[in-house]
Amino acid sequence: MPQLEHIGIAIEEVEAVIECFNDLLGIRPYKTESVAEQQVRTHFLDAKSGKLEFLESLDEDSAVQRFLDRRGEGLHHLAFEVDDADATMERLRAAEFTLLSESPRPGADDKRIFFVHPKETHGVLVEFCESTPADWSPHYVSRGDRPLATYERGDESAPPLVLLHGTAGTTCRDLGTLMRHLESQFHLVGIDLSGHGASSLPPGGTLTMNHFVEDVRTAIKAYDLSSVHLFGFSLGSAVALQCAHAAPDCVKRLALMSPHDLWSDSYVSAMKDQLDTYTLPSGQSERFHAHHEHADRLLSALQDLVDALPAQNDHLKETLSDITTPTLVVGLDEDPLIPVDTLLRVHETLPNARLSILPGTQHDLARGPISHLSALLKEYFSEGPA
Ligand code: CMX
């Protein structure tokens with residue numbers, strides 16, 4: 001069933017409206033974005049149970065300006081999120097609703113949108129929207145002799161949260177949806193770890209955990225952040241742990257999703273099998289190559305990295321038992337790579353940890369229970385010091 005995604009409100013006196021809603025609700029826009037196609041500037045507020053979208057007209061001929069001229073400021077539309085905007089259009093067209101475009105159009109917030117004419121919906125303009133995959137341009141920061149791709153979302157004055165993907169992942173593919181859910185409350189920085197996505201490999205083409213830890217340090221410095229929350233998925237969680245271990249004062253809170261307490265032989269062999277699938281001609285291999293600028297060199301570097309992981313088991317164990325940073329351990333009840341036993345052990349070993357197990361069957365953050373996870377992270381990272 002479509003979910004209410006936001007409520008659109010047409011506004012004229014931008015500053016006055018923002019102040020008024022701040023007085024009413026104690027919230028300000030977390031994002032402002034112009035949508036050329038709609039001739040509007042949008043200001044998004046997170047009202048927890050739903051978003052508000054203030055619509056400011058950018059052209060005297062725009063639909064929003066006509067609305068303002070006719071009715072003045074006020075409620076403009078209700079927007080419902082659907083998984084498939086094309087299929088929804090088909091369904092509504094078959095039901096003989098008048099749709100205001102032939103196909104979904106680009107809207108604010110990386111969405112494809114279309115409208116139903118208000119004459120047919122009892123005077124309420126209804127929008128349907130579908131989120132598109134994150135296709136963000138990286139912001140490169142200098143990592144010594146090479147560029148590191150980072151992705152920044154959310155308001156700079158919000159609490160900083162750095163996010164790390166897993167082995168062979170990228171920020172856009174793996175963390176894009178989660179970042180969209182979190183951007184209203186945090187200043188987010190996603191990092192394509194060395195060799196992954198749009199980030200270059202180190203000279204020599206080998207990858208170690210230390211490279212990734214240095215990536216995080218580089219990004220924190222480049223964004224001038226003194227102390228951050230850190231979220232890491234799978235391999236990214238091990239990187240996050242090492243960062244907190246090396247510089248505890250720089251990390252306020254940690255969230256480790258699908259973490260490891262032991263790089264077992266069976267884990268290494270499962271990872272290597274997975275990496276092998278990217279070398280064979282298949283849709284999976286094509287997608288891997290589309291996601292990573294240096295796909296072939298990354299694959300061979302990851303094969304070596306994964307082989308070297310078991311030699312770091314003692315270090316991993318020591319790190320886990322040393323960390324006093326408040327840490328949330330999150331896992332899935334049916335993750336084929338990280339069983340619940342592992343989560344329990346990680347939780348027990350960490351001196352200052354909480355545990356949450358969510359329903360899920362795949363070791364793939366992009367296909368995980370993102371709404372549950374984002375609600376959990378919002379709450380955990382907003383708690384005071386533990
Ligand atoms: N809610 C309810 N009724 C509305 C309306 C709204 N937001 N906007 C217009 N109407 C009413 C008009 O008042 C008019 O009613 P009456 O005939 O009873 O006076 C009727 O709809 C049709 O108006 P119109 O003169 O035929 O057409 P308009 O030029 O006013 O355009 C509409 C109406 C809905 C087609 C136009 O506003 C539109 O295309 N809207 C969709 C685009 C849009 O709103 N974009 C901004 C959103 C950006 C985003 O969320 O990303």
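This section describes the ligand site, the pockets and the cavity of the structure. The model is predicted.

The ligand is surrounded by 21 residues. Of these, Q38, R66, R70, H76 and E127 come nearest. Polar side-chain atoms approach oxygen atoms of the ligand at several points. For R66, a polar side-chain atom lies 2.4 Å from a ligand oxygen. For E127, the corresponding distance is 2.9 Å. A polar side-chain atom of E53 lies 3.0 Å from an oxygen atom of the ligand. Taken alone, the ligand exposes 950 Å². The protein buries 76% of that area.

Five elements are described next for their part in the shell. β4 (51–57), α2 (63–71), β5 (74–81), β7 (111–116) and β8 (125–131) each give two or more residues to the shell around the ligand. The largest share comes from α2, which provides six residues. By class, the shell holds 10 nonpolar residues, five polar residues and six charged residues.

The ligand occupies the space of the second largest pocket. This pocket contains about 970 Å³ of space. Its lining is made up of 38 residues. A63, H76, L100, P118 and L125 lie nearest the centre of the second largest pocket. H76 is thus named both among the residues that come nearest to the ligand and among those nearest the centre of this pocket.

Strands and a helix contribute to the lining of the second largest pocket. At least two residues each are supplied by β1 (3–11), β3 (40–46), β4, α2, β5, β6 (105–107), β7 and β8. As in the ligand shell, where α2 gives the largest share, α2 also gives the largest share of this lining, with six residues. The lining of the second largest pocket has 16 nonpolar, 11 polar and 11 charged residues.

The largest pocket has a volume of about 1200 Å³. A total of 42 residues line this pocket. Nearest its centre lie R173, D174, Y278, D364 and R367. Three helices each give two or more residues to the lining of the largest pocket: α4 (171–182), α7 (265–277) and α8 (283–291). The largest share comes from α4, with six residues. By class, the lining of the largest pocket divides into 18 nonpolar, 16 polar and eight charged residues.

The enclosed space was examined as well. The count comes to one cavity of 30 Å³ or more. About 50 Å³ of space lies in the largest cavity. The residues lining this cavity are M209, A238, Q242, W263, Q312, H315, L316 and T319. Two helices, α6 (235–246) and α10 (313–322), each supply at least two residues of the cavity lining. α10 gives the most, with three residues. The lining of the largest cavity has four nonpolar and four polar residues. No charged residues are found in the cavity lining.

In summary, the ligand takes up the space of the second largest pocket. The protein buries 76% of the area that the ligand exposes when taken alone. Helix α2 gives the largest share of the shell around the ligand. In the largest pocket, the largest share of the lining comes from α4. In the largest cavity, α10 gives the most to the lining.

Terms used:
Residues are numbered from 1 along each chain as its sequence is written. This is a predicted model: local features need pLDDT of at least 70, side-chain atom pairs count only at pLDDT 80 or more; totals for chains, interfaces and linings use all residues. Side-chain values use heavy atoms; hydrogens and water are left out. A residue is near a molecule or strand if one of its heavy atoms lies within 4 Å of it. A polar contact is a pair of N or O atoms within 3.5 Å; within protein, one must be able to donate a hydrogen and the other to accept it, and residues adjacent in sequence count only if both atoms are side-chain atoms. Accessible areas come from the Shrake-Rupley method with a 1.4 Å probe; for residues, only the protein chains shown count as cover. On a 1 Å grid over the protein atoms alone, a cavity is a set of points where a 1.4 Å probe fits but cannot get out, and a pocket is an open set with protein on both sides within 12 Å along at least five of seven lines; lining residues have an atom within 4 Å of a point. A molecule sits in a cavity or pocket if more than half of its atoms lie within 2 Å of its grid points. Helices (H or I, at least four residues) and strands (E, at least two) are DSSP runs, numbered from the N terminus. Ala, Val, Leu, Ile, Met, Phe, Trp, Tyr, Cys and Pro count as nonpolar, Asp, Glu, Lys and Arg as charged, and the others, Gly among them, as polar. Grid points are joined across faces, edges and corners, and a volume is the space filled by probe spheres set on the points.
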